[in-house]
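Student: Could you take me through one part of this protein in detail? I'd like to look at the sheets and the loops that link their strands.

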Amino acid sequence: MLMRTDPFRELDRITEQILRPGTWSRPSAMPMDAYREGDEYVVAFDLPGVSPDAIDVDVERNMLTVRAERRPAVNADDVQMELSERPLGVFSRQIVLADTLDTERIDADYDAGVLTLRIPIAERAKPRKISIGAGSSRKQIKG
């Protein structure tokens with residue numbers, strides 16, 4: 001059995017689990033990082049202990065939705081849980097993507113409990129050089 005030195009910390013954890021469990025209708029938030037790397041945006045979500053088949057990534061128009069469910073690791077009848085601090089349930093995060101991102105080519109990778117999405121910048125949003133022509137067919141407008 002594990003002993004705790006701070007009884008209020010344990011009370012806070014239990015209260016959080018009871019009052020805010022993640023359900024499909026009211027999921028818990030998941031931590032994330034978002035940054036630009038070259039010509040793409042990278043969004044990384046922490047989902048330790050989540051099976052890859054329990055993760056859903058959807059894009060509708062400019063709304064990116066990530067949902068995941070962490071299920072109990074032990075479901076046997078002869079197991080008596082002594083301590084359970086890892087949150088279980090449903091986790092979700094929604095992000096509004098800019099029009100300058102190419103949502104048709106999102107790449108998703110899940111490794112070591114981190115879901116990483118790479119979203120390329122759309123070609124129309126990249127800076128481009130405009131050539132200036134020196135036309136000899138200039139006309140003067142007279143009124």
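Tutor: Sure, here is a walk through the two sheets, their loops and the core.

First, some ground rules. This is a predicted model, so local features need pLDDT of at least 70 and side-chain atom pairs count only at pLDDT 80 or more, while totals for chains, interfaces and linings use all residues. Residues are numbered from 1 along each chain as its sequence is written, and side-chain values use heavy atoms, with hydrogens and water left out. The pLDDT is the predictor's confidence in each residue, from 0 to 100. The protein averages 80 on that scale, and 76% of the residues score at least 70. Confidence is lowest in helix α1 (residues 7-19), with a mean of 61, and highest in strand β6 (residues 107-111), at 97.

Now the overall layout. The protein has one helix and seven strands, and from the N terminus on the elements run α-β-β-β-β-β-β-β. Here helices (H or I, at least four residues) and strands (E, at least two) are DSSP runs, numbered from the N terminus. Two strands count as paired if DSSP finds at least two bridges between them. In general, strands of a sheet pair through backbone hydrogen bonds, either parallel or antiparallel.

Let's take the sheet of four strands. It is open, has the order β1-β2-β7-β6, and its pairing is antiparallel. Its edge strands are β1 and β6, each pairing on one side only. From one strand to the next, the twist averages 15 degrees; the axes behind that are lines fitted to C-alpha atoms (for helices over the stretch in contact), and angles run from 0 to 180 degrees between N-to-C directions. Zoom in on β1 (residues 32-37) and you'll find six bridges joining it to β2, antiparallel. One spot to check is Arg36, which stands opposite Tyr41 in β2. The hairpin of β1 and β2 has two residues between the strands, and Gly38 there takes a positive phi near 70 degrees.

Further along, the loop between β6 and β7 holds Ala112. Ala112 has a positive phi of about 55 degrees although it is not a glycine. That's worth a second look because most residues other than glycine have a negative phi. Ala112 counts as exposed, at 73% relative accessibility. The cut-offs are these: buried means under 20% relative accessible area, exposed over 50%, and partly exposed in between (1.4 Å probe, protein chains only).

On to the sheet of three strands, which is also open. Its order is β3-β4-β5, and the pairing is antiparallel. The edges are β3 (55-60) and β5 (89-96), each of which pairs on one side only. The twist averages 15 degrees from one strand to the next. Six bridges join β3 to β4 (residues 63-70), and Val59 stands opposite Leu64 in β4.

Between β3 and β4 sits a loop with Arg61 in it. Arg61 has a positive phi of about 55 degrees although it is not a glycine. Arg61 is exposed because its relative accessible area is 74%. Now find Thr103, in the loop between β5 and β6. Thr103 counts as partly exposed because its relative accessibility is 21%. Not counting residues up to four places away in sequence, Thr103 touches Val59, Arg61 and Leu97, where contact means heavy atoms within 4.5 Å. The C-alpha atoms of Thr103 and Met63 are separated by 9.6 Å, with their positions 40 residues apart along the chain.

Finally, the core. A nonpolar core is a set of buried Ala, Val, Leu, Ile, Met, Phe, Trp, Tyr and Cys residues joined through side-chain atoms within 4.5 Å. The largest one here has 18 residues, and Phe45, Leu47 and Leu115 touch the most other members. The elements giving two or more residues to this core are β2 (40-46), β4, β5 and β7 (114-120). Leaving aside neighbours within four places in sequence, Phe45 is in contact with residues including Met30, Val66, Ile95 and Leu115. In soluble globular proteins, nonpolar side chains tend to be buried together. Across the protein, buried residues make up 23% of the 143 residues. Among contacts between residues at least 6 apart in sequence, 57% join residues at least 24 apart.
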